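Let's take a look at the charged side chains in this structure and see who pairs with whom. Here it is.

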Amino acid sequence: MTSTIGSRINDIKASLPAGVTLVAVSKFHPVEALEEAYAGGQRVFGESRANELVAKAGALPSDIEWHFIGHLQTNKARTIMPHVTLIHSIDSERLLKLVDAEAKRINRTVDALLQVHVAREETKFGFSPEELNELAASGVIESLTNVRIRGVMGMASNVDDEERIKDDFRRIAESFADLKRLSTLDSLDTISMGMSHDYRLAIDAGSNMVRIGTTIFGEREY
Ligand SMILES: *Cc1c(COP(=O)(O)O)cnc(C)c1O
């Protein structure tokens, strides 16, 4: 790619409707790439591994908002807690309660999204829409003291079929509407969906937070 990280971020931002937040997904990319994005004005970064988030948070300016977007192992919740602004990937009630306890332990409040699983891949983490509705109606999320639930995060099936992708995004947006209807929270304002290849469809379906990695930083080397 001949364009720079900064110019790619500016191009994406210019194409996003007002009110849509860009999370620059920097997982597996070196600190230098994030510094370039930072110099271009980007302040919100998404990471999917706890150790990597902690290391990068220590190496980069403190006005960055770190979002955790991967599956969070319960034994890693404690390590990210001092650094993370928003956890997108709360995928079980057990993890939710643990994150609440870990936030309380260091006397802070953390924002979080409930991950809803609608994609056809069987290995994906998250609540089914039915499970999410049960949780929303249970009173559990209102009883949390140090986690503020802001909404939902989801991914569409990894397929070429646009209709299928649109349908997945519609279901995620529907889960958000159900969460609003079934809970008494007044903090619900975020639908995190859309990645490099499908974020335009996600925005059409109601997303107001997109998580974009490859289009900004190029292919990841695992
Ligand atoms: C890696 C990742 C992304 C970014 O994907 P790209 O295709 O590189 O834009 C977004 N969301 C989640 C949850 C991810 O793990």
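## A bridge between two strands

R148 is partly exposed, with a relative accessible area of 40%. Its partner is another story: D111 is buried, at 12%, which is below the 20% cut-off for that label. In this predicted model, the side chains of D111 and R148 form a salt bridge, with N and O 2.9 Å apart. The two come from distant parts of the chain: D111 sits in strand 5 (residues 110-117) and R148 in strand 6 (residues 147-155), 37 residues apart.

## A bridge between two loops

R43 pairs up with D63, and their closest N and O atoms are 3.3 Å apart. R43 belongs to the loop between helix 2 (31-39) and strand 2 (44-47), while D63 belongs to the loop between helix 3 (50-59) and strand 3 (65-68), so this salt bridge ties together parts that are 20 residues apart in sequence. R43 is partly exposed at 29% relative accessible area, and D63 is partly exposed too, at 43%.

## A bridge within one helix

What separates E93 and K97 in helix 5? They're four residues apart in that helix (residues 93-105), or about one helical turn. Their side chains meet in a salt bridge, 3.1 Å from N to O. E93 is partly exposed, with a relative accessible area of 32%, and K97 is partly exposed at 45%.

## The wider picture

How many salt bridges turn up in the whole structure? A full search finds 14.

Key. Residues are numbered from 1 along each chain as its sequence is written. This is a predicted model: local features need pLDDT of at least 70, side-chain atom pairs count only at pLDDT 80 or more; totals for chains, interfaces and linings use all residues. Side-chain values use heavy atoms; hydrogens and water are left out. A salt bridge is a side-chain nitrogen of Lys or Arg within 4 Å of a carboxyl oxygen of Asp or Glu. Buried means under 20% relative accessible area, exposed over 50%, partly exposed in between (1.4 Å probe, protein chains only).
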